[in-house]
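Student: I would like a close look at one part of this model, the ligand site. Please take me through it step by step, then point out any backbone features worth a glance.

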Amino acid sequence: EISCSLVGSEMCIRDRHRKMSLEEMKDLQLDEKHLQPETKEVRGILMTKEMSDNWDKIWNFQAIPDDLLIATYPKAGTTWTQEIVDMIQNDGDVQKCQRASTYDRHPFIEWIPPPPYPSGLDLANKMPSPRTMKTHLPVHLLPPSFWKENSKIIYVARNAKDCLVSYYHYSRMNKMVPDPGTWEEFIETFKAGKVLWGSWYDHVKGWWEAKEQHRILYLFYEDMKEDPKREIQKILKFLERDISEEVLNKIIYNTSFDVMKQNPMANYTNFPISIMDHSISPFMRKGMPGDWKSYFTMAQNEEFDRDYQKKMAGSTLTFRTEI
Ligand code: PPS
């Protein structure tokens, strides 16, 4: 079985486990490595088949004015920002922030995982307001009700090379996204934008332009790492919240990479190993700007930069690839 939908693959593996001998199950391990979620484009953007098949429902999602949306290209610092926002909303109460996993606290609006996990839409529709939600959608695919209702949006961007490295390792450990292939192959796939949620270049530029017309706080991962206090203060101002210095320091501490890495409600270790295998690569992997230097060869870097100049030409958006 080379290709089978997530729902299908989960069910067929479970089903086959029941009927198989241990000897046969050893072979199944080999098989599983080749399982791929089916993908299907929506308006030129690669998505999982489930997202694509349910696109009408996603597109028609009803936002309301007091919704807050955290929007990012994958691996740009979504989970980190979610934790910061949750801590702000709960006045730095660590216990309250550990009430549930990141996935359950902040509906990921377009995501449709295999059963029994609820979809982002289901979670969002059940959640009382004010809701905080997550999306990786490029700006032109954001459900239009977010614009109409003028909901606040925090967008976080991260430099392309670190995003690519992080996305590569994530694609190795997470069975819900397509296998990345080799490192060399993945560089090309990323540059061509043939990954889930499409081109990094179009994503960051599209949201950069949208901030001229909408209530969007545009943040950078590298700035957050350099001076978390300054960036958290920007979020506080945007959310029109005031907190004491003590609570602010508590938030900085509890949303640091090292503390979040140990937090089972924020590090994705509560997903089953058949979906996310942290022994292949942990979700909370390095958390450092500039880690790309351990992966790109000189030649790959030069070629990447050449292509980058072309794709980003004419944009006022600039990134730091190290701090
Ligand atoms: S996802 O799957 O798109 O929601 O992933 P996302 O959360 O956007 O990105 C995961 C990367 O962010 C790093 N991370 C952090 N860095 C610094 N500080 C904190 N607190 C933090 N939390 C998560 C995480 O380690 C992933 O980056 P890499 O480079 O792979 O380590």
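Student: In which pocket does the ligand sit?

Tutor: The model is predicted. Its ligand occupies the largest pocket. Start with the shell. The ligand is surrounded by 23 residues. Closest to the ligand are Thr 78, Thr 79, Ser 166, Lys 286 and Gly 287.

Next, look at who contributes. Four helices each give two or more residues to this shell: H5 (78-89), H10 (160-173), H13 (221-226) and H16 (257-261). The top contributor is H5, with three residues. By residue class, the shell has nine nonpolar, eight polar and six charged members.

Now the polar contacts. Take Ser 166 as a starting point. A polar atom of the Ser 166 side chain is 2.7 Å from a ligand oxygen. Gly 287 uses its backbone: one of its polar backbone atoms lies 2.7 Å from an oxygen atom of the ligand. His 136 contributes through its side chain, where an N or O atom is 3.0 Å from a ligand oxygen. How much of the ligand does the protein cover? On its own, the ligand has 640 Å² of accessible area, and the protein covers 99% of that.

Move on to the backbone. Most residues other than glycine have a negative phi, and most peptide bonds are trans. Three places depart from that pattern here. Lys 75 has a positive phi, near 75°. Lys 75 belongs to the loop that runs between strand S3 (68-72) and H5. H5 is the helix that gives the most to the ligand shell.

The other two places are peptide bonds. Pro 115 and Pro 116 are joined by a cis bond, with omega about 10°. Pro 116 falls in the loop between helix H7 (102-105) and helix H8 (120-126). A cis bond also links Ser 129 to Pro 130, with omega about 0°. Here the setting is the loop between H8 and strand S4 (132-135), where Pro 130 is found. H8 thus borders both loops.

One last stop, the aromatic rings. The structure contains 34 aromatic pairs. One of them is Trp 55 with Trp 59, a tilted pair with ring centres 6.1 Å apart and 35° between the planes. Why are these two about one helical turn apart? Trp 55 and Trp 59 are four residues apart in helix H4 (residues 55-59), so about one helical turn separates them.

Methods:
Residues are numbered from 1 along each chain as its sequence is written. This is a predicted model: local features need pLDDT of at least 70, side-chain atom pairs count only at pLDDT 80 or more; totals for chains, interfaces and linings use all residues. Side-chain values use heavy atoms; hydrogens and water are left out. A residue is near a molecule or strand if one of its heavy atoms lies within 4 Å of it. A polar contact is a pair of N or O atoms within 3.5 Å; within protein, one must be able to donate a hydrogen and the other to accept it, and residues adjacent in sequence count only if both atoms are side-chain atoms. Accessible areas come from the Shrake-Rupley method with a 1.4 Å probe; for residues, only the protein chains shown count as cover. On a 1 Å grid over the protein atoms alone, a cavity is a set of points where a 1.4 Å probe fits but cannot get out, and a pocket is an open set with protein on both sides within 12 Å along at least five of seven lines; lining residues have an atom within 4 Å of a point. A molecule sits in a cavity or pocket if more than half of its atoms lie within 2 Å of its grid points. Ala, Val, Leu, Ile, Met, Phe, Trp, Tyr, Cys and Pro count as nonpolar, Asp, Glu, Lys and Arg as charged, and the others, Gly among them, as polar. Rings of Phe, Tyr and Trp (its six-membered ring) pair if their centres lie within 6.5 Å; planes under 30 degrees apart count as stacked, over 60 as edge-to-face and the rest as tilted.
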